[in-house]
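Open the structure in your viewer and keep the sequence panel beside it. The tour below goes from one selection to the next.

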Amino acid sequence: MRDDGGVLLETARLTLRRFTMDDVDRLVALDADPEVMRFLTGGVPTPAATFRDDVLPRVLAQYTRHPGLGRWATLDRFTGEFLGWHSLDPSDDGAEAELGYRLRRAAWGHGLATEGARALVRHAFDTVGVRRVWAQTMAVNDRSRAVMARAGLRYVRTFHLAFDDPIPGTEHGEVEYELSREDWPATRQDWDAALRAR
């Protein structure tokens, strides 16, 4: 695993680096967009204190507890502009990872969520050696489901959770996607073949 100045990896267009406590304002701005938070909180922003006192301390601790897994700031590789984040949130034993991503609206529609997600899936299996990568979203979140599928994950199930204050679309349930270590070699082969065909 490469770790130059907190950089986990680079793709054709992205740099994924460790978060620091200096990223609070960037995260607040990301979550301040109601469209970014539509399928997470119904558009309600995340307070700065939540990032400062809870989210970032937890994220920073994961880097040591589960090397190679966690949440990374996603930057434009050429300009250094903060675009959002990608994550491989570890299970308690670090044997599985939940794929996640959240990008600024200006970065939507350019394949950047998929580009970062694919790089992390490859990293999870080839470098870290997890047994499963999985992801969840609201069933009505078509954009996120498309990213999961393009990142090699396959639909597993739809399930329903009880919420005290459900947001629109909750009634359709949540979906889970996954990719196992056993299925990874075929997915990697397909990706590599597609790259060679370009």
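Is H66 buried or exposed? Select the residue before reading on. This is a predicted model, and in it H66 has a relative accessibility of 12%. The cut-off for buried is under 20% relative accessible area, so H66 counts as buried.

**Stop 1: around H66**

With H66 still selected, colour the chain by secondary structure. H66 sits in a loop, with α3 (48-65) before the loop and β3 (70-76) after it. Now show the residues around H66. Setting aside residues up to four places away in sequence, H66 touches P90, S91, D92, D93 and G94.

**Stop 2: G70**

Move along the sequence to G70, which belongs to strand β3. What is the relative accessible area of G70? The value is 0%, so G70 is buried. Display the contacts of G70, again without neighbours within four places in sequence: they are Q62, H86, S87, L88, D89 and P90. P90 can stay selected from the previous stop, as P90 is also one of the residues that H66 touches. For a distance across the model, pick the C-alpha atoms of G70 and D25. These two residues are 45 positions apart in sequence, and their C-alpha atoms are 20 Å apart in space.

**Stop 3: N141**

Next, select N141. Where does N141 lie? This residue is in the loop that runs between β6 (132-138) and α5 (142-150). N141 has a relative accessibility of 11% and therefore counts as buried. Add W108 to the selection: 33 residues separate N141 and W108 along the chain, and 14 Å separates their C-alpha atoms.

**Stop 4: P185**

Go on to helix α6 (residues 184-197), where P185 is found. With a relative accessible area of 38%, P185 is partly exposed. Then pick D126 as a partner for P185. The sequence separation of this pair is 59 residues, while the distance from C-alpha to C-alpha is 9.7 Å.

**Stop 5: the annotated span**

Select residues 14-182. An unreviewed UniProt entry gives this span the feature "domain: N-acetyltransferase". Helix makes up 33% of the span and strand 29%. The C-alpha atoms at the two ends of residues 14-182 are 28 Å apart.

**Stop 6: the whole chain**

Clear the selection and show the full protein chain as a cartoon. How many helices and strands does the protein chain have? There are 6 helices and 8 strands. To follow them in sequence order, trace β-β-α-α-α-β-β-β-α-β-α-β-β-α. The radius of gyration is 16 Å, close to the 16 Å given by the globule rule for 198 residues, so the protein chain is as compact as a globular protein of that length. Along the principal axes, the C-alpha trace spans about 45 × 40 × 35 Å.

Switch on contacts for the whole chain. Among contacts with a separation of 6 or more, 61% join residues 24 or more positions apart. Of the 198 residues, 48% count as buried.

Finish with the surface view. The accessible surface of the protein chain is about 10,300 Å², and carbon and sulfur atoms account for 49% of that area. Colour by charge to see 27 positive and 31 negative charges, whose mean positions are 5 Å apart.

Terms used:
Residues are numbered from 1 along each chain as its sequence is written. This is a predicted model: local features need pLDDT of at least 70, side-chain atom pairs count only at pLDDT 80 or more; totals for chains, interfaces and linings use all residues. Side-chain values use heavy atoms; hydrogens and water are left out. Helices (H or I, at least four residues) and strands (E, at least two) are DSSP runs, numbered from the N terminus. The radius of gyration is taken over C-alpha atoms; the globule rule is 2.2 Å times the number of residues to the power 0.38. Buried means under 20% relative accessible area, exposed over 50%, partly exposed in between (1.4 Å probe, protein chains only). Contact means heavy atoms within 4.5 Å. Accessible areas come from the Shrake-Rupley method with a 1.4 Å probe; for residues, only the protein chains shown count as cover. Lys and Arg count as positive and Asp and Glu as negative; His and the chain ends are not counted. The place of a charge is taken as NZ of Lys, CZ of Arg, CG of Asp or CD of Glu. UniProt positions are given in the numbering used here, feature names are shortened, and annotations may be inferred rather than shown by experiment.
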